[in-house]
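Good morning, colleagues. Today I shall speak about internal cavities, salt bridges and cysteines. Please look at the model as it comes up on the screen.

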Amino acid sequence: MASKRKAAAMASATVTEEPVDPSDELMFLCLGGGNEVGRSCHIIQYKGKTVMLDAGQHPAYDGLAALPFFDDFDLSTVDVLLISHFHIDHAASLPYVLAKTNFRGRVFMTHPTKAIYKWLIQDSVRVGNTSSNPTTQLVYTEQDHLNTFPQIEAIDYHTTHTISGIRVTPYPAGHVLGAAMFLIEIAGLNIFFTGDYSREQDRHLVSAQVPRGVKIDVLITESTYGIASHVPRLEREQALMKSITGILNRGGRVLMPVFALGRAQELLLILDEYWGKHAEYQKYPIYYASNLARKCMLVYQTYVGAMNDNIKRLFRERMAEAEASGDGAGKGGPWDFKFIRSLKSIDRFEDVGGCVMLASPGMLQNGVSRELLERWAPSEKNGVIITGYSVEGTMAKQIMQEPEHIQAVMSRNTGGGRRGPGRDAEKVLIPRRCTVQEYSFAAHVDGTENREFIEEVAAPVVILVHGEVHNMMRLKSKLLSLNANKTSKVKVFSPKNCEELRIPFKTDKTAKVVGKLASILQPLSSPEEPQLITGVLVQNDFKMSLMAPEDLREFAGLTTTTISCKQRMRLSAAGVDLIKWGLEGTFGTIEELPISKKLSSNGEDHDMNGSGQEVADEELSVDEVLAAYLVMGVITVRHRSNGEVEIEWEGNMLNDGIADAVMAVLLAIESSPAAVKRSASKNPHSHSHSFNLPVRNLHSNLSATERLERLMLFLEAQFGADNVSPIAEPKLSPVPPPQPKIKSSEGDDEEADASMDVSEDEEHGATQLAQRREAELARLHKLGIPVPGINIRVDKMEAKVWLEGLEIECGNKVFGDRVRAVVERAVEVTAPLWG
């Protein structure tokens, strides 16, 4: 099996992938929650947009060590921060991000999450302040939390919000009240983040569902339980109540560590319902010990509309009962418990007799739950029941291993303990004799539910987060094994913290043609013949538009600026005619621009040709323009009477290069021997000098015959003079066949004259063919093409080059490609051929 995997990996490694534009890559980075449970924080970057998912703290660590690795990423680039739910490991570092970092983006969470988050984080800060651990370092204060709270924006399920081109839609996650899964769309790429989610039907939450009608490209999902499967819900509830009643029957106390908000409410519904059906246990009080007990219930009563149909039904029944009885009892709906007592402070608790205590926090790190654990652990009658997921490194995880002793961290409960040995001498250890049991009500999907959800979403890319490494790797292996029977393989990633993940997504880029370009754009006759359009491409929030430069203000709200460049140099030796000659020699034909004043009727420059005559009737200005030329349609060259040459052009990359070439030519002309001779002719001395330029520059104003001769010379040098010859007959387009004549009833006379008609048709066809040839030749001559084409023959291979479109006809592909390459090079060397 290993050899097969290795061979498959080697085979896949040999496949060369096309290079991907970095802007088409999705970057994913775990600042926390990678191969671990705790301090969830993930970064998504695509097309220049950045989204942060969650900002939690690790419950097993204190101070800065509990935070995600914020130093590994520039938070000032984050556009949107989405908080999935209010649990500590997903939201507790949000005040730090808003108050202590350079984060400048917007923060979103659902309405119930925002309401609970305020009280939960405030209570968390207060518990940290009263902790007996001297090494605990607070990363933010209660005032920091209250000051940053108004920056949070609340949104509803199934509503879409657009922020800086990012579309965000929350969906119910079924984990706790207000928990959300987020659909994030960036430039057409759909990313779905589940956060913590549950598909199990419970007493008060709507279970998570796959978004309908949306194609998901990337799924980011939790892997908390790996491939493990939960016991059916009914069996779990029965086992839980059996364990609780067993502890009470033996005279003990039940400690159930829970988060103040979340699954505690589900357990309270289960206990209240069971106590109502079993009167024999109503003598045992059930306590809900939390500083937020009263505020929690108020929030849950407020957001009944965000819960499932079971809660809504119970709410209507309780309200009907309250109205019928005429008193205020039951107006709290299903959250107005009959057998649950709220306990705000443990100081008011009379620890006498059996009871059931739901106390926070759920990880037993500190607070009321830790204090009661240290108080009740030495008695074998008492029991601890873990109902949530226990994070590695916390007391909740440690006590599940049933250790003999536990460390005392609450200062008031050290009387019954003993000192630890060695380095642990300063620690006080408490004996553990109480029973420990676990029943998962954590509202996380198990392995089967998670796998079914992933297959239902059918995303080509799956990223696993929020799971201990062994659970995550097992789920990853299971998902990869399912790829064996699939034609399109699913890519599964499990990045570690601070491990950057880049996933390419090739997308078609479409631009809308607007303005003047849209008015001149013709519909395509066939997809095989695309039309070339030139304009300015403008992108605004992933929408691209192609428009003419003059339409930028109207359609894009942009303004255009033209940079006019000028360069002046003084040429003391070169004259006007020599400057023109040099420019024509380099750039071919140049356009002579009209100037304001001519020196003479024949346009000669009497001052620069050394004749010594002066113009008597007109005084020349010192800087009068003698001549002006337009080089390559973009560079204007003006020569003034004082020897100064001015070059002017519109600044851009292409024009700047041409202008540099023009200046190089002018400087070369100034130092050329011809310029030296011309300047010497001005000085009066006894030597006789005569310097006359040729009448015409051979590099400019070429006739059609001269261009053909140059092309023939090039081809003859390549294929031999005897193998290259002009084609006299033009290439004609095919003529449609004549329509057949319909025979009449009087066909005898026509059949008798059949031979005569055939001869007349042949003569008419020959005449028509000759006329077509003459018309085609006349058309080509008018275009400046002296012959229709050139025939090239080498051995038995023959190729025809039709000069109008430089089309190559050849039966031998190799020879035809060679002729085409030579003709293209000849056109480049001998300058444009026709037109």
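Let me begin with a definition: a helix here is a DSSP run of H or I with at least four residues, and helices are numbered from the N terminus. I should also say at once that this is a predicted model.

With that definition in hand, consider helix H7, which covers residues 263–277. Within this helix, Lys-277 and Glu-273 form a salt bridge between their side chains, with an N to O distance of 3.3 Å. The two residues are 4 apart in helix H7, which means that about one helical turn separates them. Lys-277 is exposed, at 62% relative accessibility, whereas Glu-273 is partly exposed, at 35%.

This pair also belongs to a wider arrangement. Which residues are joined into one network by salt bridges that share partners? They are Glu-200, Arg-203, Arg-233, Arg-236, Glu-237, Glu-266, Glu-273 and Lys-277. The structure as a whole holds 40 salt bridges.

Two further pairs deserve attention. In one, Asp-351 forms a salt bridge with Arg-375, and their closest N and O atoms are 3.5 Å apart. Asp-351 sits in the loop between strand E14 (340–343) and strand E15 (356–359), while Arg-375 belongs to helix H10 (residues 367–376), so this contact ties together parts that are 24 residues apart in sequence. Both partners are partly exposed: Asp-351 has a relative accessible area of 23%, and Arg-375 has a relative accessibility of 32%.

In the other, the side chains of Lys-731 and Glu-807 meet in a salt bridge at 3.1 Å, N to O. Here distant parts of the chain are linked, 76 residues apart: Lys-731 is in the loop between strand E32 (724–727) and helix H20 (748–752), and Glu-807 is in strand E35 (residues 807–810). Lys-731 is partly exposed, with a relative accessible area of 35%, and Glu-807 is likewise partly exposed, with 39%.

I turn now to the interior. How many cavities of 30 Å³ or more are there? The count is 5. The largest cavity holds about 260 Å³ of space. It is lined by 23 residues, of which His-87, Phe-259, Met-363, Gly-388 and Tyr-389 are the closest to its centre. Helix H7 returns here, for it supplies the largest share of this lining, with 3 residues. By class, the lining of the largest cavity comprises 12 nonpolar, 8 polar and 3 charged residues. Domain 1 (22–228 + 443–504) and domain 2 (233–411 + 428–438) each contribute at least three residues to it.

The second largest cavity contains about 50 Å³ of space. Its lining consists of Ser-198, Glu-200, His-230, Arg-236, Ser-440, Phe-441, Ala-442, Ala-443 and His-444. These divide into 3 nonpolar, 4 polar and 2 charged residues. Glu-200 and Arg-236, which are among the lining residues, also appear in the salt-bridge network.

Finally, the cysteines. A search of the whole structure finds 0 disulfides. Why do Cys-30 and Cys-41 not form a bond? The cysteine sulfur closest to that of Cys-30 is in Cys-41, at 8.9 Å, which is too far for a bond; a disulfide requires the two sulfur atoms to be within 2.5 Å. Cys-30 is buried, at 0% relative accessibility, and Cys-41 is buried as well, also at 0%.

Thank you for your attention.

Notes. Residues numbered from 1 in each chain as written. Predicted model: local features only at pLDDT ≥ 70, side-chain atom pairs only at ≥ 80, totals over all residues. Heavy atoms only, no water. 1 Å grid on protein atoms, 1.4 Å probe; cavity = no way out; pocket = protein on both sides within 12 Å on 5 of 7 lines; lining within 4 Å. Points joined across faces, edges and corners; volume = space filled by probe spheres on them. Nonpolar A, V, L, I, M, F, W, Y, C, P; charged D, E, K, R; others polar. Domains from an automatic or database assignment. Salt bridge = Lys/Arg side-chain N within 4 Å of Asp/Glu carboxyl O. Buried < 20%, exposed > 50% of the residue type's maximum accessible area, 1.4 Å probe, protein only.
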